[in-house]
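Subject: Structure handover

Hello,

Here is the structure I said I would pass on. Please open it next to this email and follow the residues as they come up.

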Amino acid sequence: MTATAPPATSSDPTAPAPSTFGATSLPPGPRMPIALQTLAMRTRQRPFLERARRRYGSMFTVQVAGLGKTVIVSDPELIKQTFRADADVLHAGTGSPLRVMLGDHSLLGIDEDEHMQQRKLLLPPFKGQRMQKYESVVAEEAAREIDSWPDGVELATAEPMQRITLRVILRAVFGAEGQRLQALEELVPEWTTLGSRLVLAPWMQRSLGGRSPWDRFGALRRQIDAIFDELIAVAKDDPDLAERADVLALLVQARHEDGTPMSNAEIADELVTLLAAGHETTAHTLAWAVERIRRHPEVLECLQEEIAEGGRTYRDATIREIQRSRPVIAFAGRVVRKPFALGGYDLPLNTRVLMAACLTHYDPALFEHPDRFQPDRFLGVVPDTYTWIPFGGGIRRCIGASFAHMEMDVVLRVLLERAEVLPTTEPDEAWAFRGVVWAPGDGGRIAVRHRVLRNGEPALAAAASASGLTTSSPV
Ligand code: HEM
């Protein structure tokens with residue numbers, strides 16, 4: 001996952017090593033001053049990159065303050081070669097601006113053997129069969145939130161969606177309940193918002209004492225870690241630990257290849273990584289979902305009809321189309337650590353290569369009429385691994401992809417079951433950069449009319465019984 005942000009500073013041990021190999025070259029690219037290119041990447045990224053692609057083709061170099069010369073790639077064959085490169089040739093973690101924010105053990109900040117080992121420990125909870133266990137938590141949290149929305153009044157969904165996705169991760173993935181859940185719910189939004197700002201401003205990543213952003217960020221992290229320590233201790237004492245489905249319980253039981261357990265610091269870094277990687281991405285994709293379907297009443301109608309019939313195929317296709325047309329993470333990034341030839345260029349060491357979902361997904365040679373929102377294009381079609389890349393790819397592909405898909409599927413279903421979503425003729429919301437994710441500029445505004453329930457049950461209880469849940473169902 002790549003924020004359009006500067007890398008770690010040169011005093012940082014994760015900073016790139018100096019380049020050591022000879023005749024190398026970079027593809028041409030825009031010659032505007034670096035300040036203007038940086039501004040364009042932050043504010044008008046897609047039009048800027050589209051223009052560059054029209055002029056220079058599907059591989060070109062841009063210059064961004066802090067990132068230096070960066071190769072943008074949007075050709076599926078080149079993306080394939082990049083995703084498939086050996087782990088020691090291209091790094092994704094060390095040198096990532098996210099490492100300094102998330103900790104040295106974070107999956108997003110490590111590479112090679114260390115990465116593979118840690119990834120193996122984290123993957124099992126996110127495999128297909130486990131998803132069903134998490135669905136009931138998502139349905140319950142979605143119903144709780146949606147039922148609180150006023151009837152017929154417009155509101156931005158970005159925050160409500162973040163509340164849903166945060167509570168889902170905290171409950172399903174961390175097994176948090178009660179006071180600890182509440183405390184994390186209060187701490188995490190401030191920590192992630194501050195982190196998204198700091199990742200763009202490495203000069204602010206130092207202690208200035210008092211309540212400077214970096215000190216505040218550190219203090220919040222210590223408070224979060226203290227709660228994680230308690231959760232870990234509770235899990236270790238839990239006689240039913242082996243029966244639990246949450247990720248924290250699985251991490252506590254996980255063993256490295258040498259048989260040693262994960263330390264609390266390792267577990268904490270992975271938990272904040274899952275929080276940082278998982279909750280805003282999913283929430284803003286859901287906010288885009290609202291933004292898209294309100295502007296396409298024919299899609300809304302198909303979704304509603306399918307729900308009435310108990311199907312989900314069209315909803316699946318719609319989610320894929322939302323992620324194609326509004327990828328919240330614009331790039332999957334790698335850094336060249338050993339000689340790497342791509343598209344006829346021997347790229348210099350430490351060159352950053354960004355695989356651009358924001359370009360590939362809009363290539364008319366790959367997706368007919370890319371500007372049109374057409375879920376049908378994914379009906380009965382498995383998206384291609386190297387043209388549809390909202391979750392990145394290769395050995396770094398998002399480990400939460402199935403989880404995120406399940407979550408978006410359940411939230412959309414619950415929304416459409418419980419409320420009539422009112423279409424709008426307002427212009428499309430603009431793309432707004434939030435530090436890591438690209439979100440709908442007005443927060444994905446919605447207006448709903450709650451459906452009258454035939455049996456007169458209170459809304460939340462009805463949702464719970466329809467999903468076969470109680471409102472306090474254990475995970
Ligand atoms: C719509 C929602 C999501 C999107 C668009 C998304 C996107 C991405 C992308 C683009 C990457 C980088 C892949 C690469 O470099 O090739 C990534 C990595 C990652 N994501 Fe997600 N993600 C989402 C949800 C989640 C969720 C729900 C979780 C977990 C709860 C999660 C956990 C991770 C982790 C741990 C990584 C690092 C994988 C590694 O480096 O091996 N993500 N995600």
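I start with Asp442, which lies in the loop between strand S11 (438–440) and strand S12 (445–446). Please keep in mind throughout that this is a predicted model.

Is Asp442 buried, partly exposed or exposed? Its relative accessible area is 48%, and because exposed means over 50%, Asp442 counts as partly exposed. Leaving out residues up to four places away in sequence, Asp442 touches Ala156 and Glu429. Asp428 is 14 residues from Asp442 in sequence, and their C-alpha atoms are 9.7 Å apart in space.

A second aspartate to look at is Asp346, in strand S7 (residues 345–347). Asp346 is also partly exposed, with a relative accessible area of 39%. Which residues does Asp346 contact, apart from its neighbours within four places in sequence? They are Ala23, Thr24, Ser25, Phe340 and Ala341. Glu243 is 103 residues away from Asp346 in sequence, and the C-alpha atoms of the two are 51 Å apart in space.

Next, the metal site. The ligand contains an iron atom, and its only protein donor is Cys398, through SG, at 2.3 Å. Cys398 is found in the loop between helix H14 (357–360) and helix H15 (401–418). The loop between H14 and H15 also holds His369. His369 is not a glycine, yet it has a positive phi of about 45°. With a relative accessible area of 37%, His369 is partly exposed.

Glu112 is another residue with a positive phi, about 50°, although it is not a glycine. Glu112 is found in helix H5 (residues 112–122). The relative accessible area of Glu112 is 31%, so it is partly exposed.

The loop between helix H4 (97–102) and H5 contains Gly103. Why does Gly103 count as buried? Its relative accessibility is 17%, and buried means under 20%. Gly103 and Val272 are 169 residues apart along the chain, but their C-alpha atoms are separated by 8.8 Å.

Now the helices. H15 has 18 residues, and the distance from its first C-alpha to its last is 26 Å, close to the 26 Å expected at 1.5 Å a residue. How much of H15 is covered? Of its 18 residues, 15 are buried, so the helix is mostly covered.

H15 packs with helix H12 (residues 297–308) at an angle of about 90°, and the axes are 10 Å apart. That makes H12 roughly perpendicular to H15. On the H12 side the residues that meet H15 are Leu300, Leu303, Gln304 and Ile307. On the H15 side they are Arg413, Leu416 and Glu417. You can check a general point on this helix pair: an α-helix has 3.6 residues a turn, so residues three or four places apart point the same way.

Helix H13 (residues 313–325) has 13 residues. At 1.5 Å a residue H13 should span 18 Å, and its end C-alpha atoms are 18 Å apart, which agrees. H13 is mostly covered, with 11 of its 13 residues buried. Among the buried residues of H13 are Tyr314, Arg315, Asp316, Ile319 and Ile322. What covers them? The cover over the buried residues of H13 includes H11, H12, H15 and strand S10 (431–433).

The last pair is helix H7 (residues 158–173) and helix H11 (residues 264–294). Their axes come within 8 Å and cross at roughly 140°. That makes H7 oblique to H11, because only angles over 145 degrees count as roughly antiparallel. H7 passes H11 in a right-handed crossing. The residues of H7 that meet H11 include Ala158, Met161, Gln162, Thr165, Leu166 and Ile169. Those of H11 that meet H7 include Leu274, Leu275, Gly278, His279, Ala283 and Val290.

To go back over it, you could begin with the iron atom and Cys398, its only protein donor. From there, follow H15 to H12, which is roughly perpendicular to it, and then look at H13, whose cover includes both H12 and H15.

Regards

Methods
Residues numbered from 1 in each chain as written. Predicted model: local features only at pLDDT ≥ 70, side-chain atom pairs only at ≥ 80, totals over all residues. Heavy atoms only, no water. Donors = N, O, S within 2.8 Å, 3.2 Å for Na, K, Ca; no water. Helix = DSSP H or I, 4+ residues; strand = E, 2+ residues; numbered from the N terminus. Expected span 1.5 Å × (residues − 1). Buried < 20%, exposed > 50% of the residue type's maximum accessible area, 1.4 Å probe, protein only. Axes fitted to C-alpha atoms, helices over the stretch in contact; angles between N-to-C directions. Parallel < 35°, antiparallel > 145°, perpendicular 65-115°, else oblique. Left-handed = near helix turned anticlockwise from the far one by under 90°. Contact = heavy atoms within 4.5 Å.
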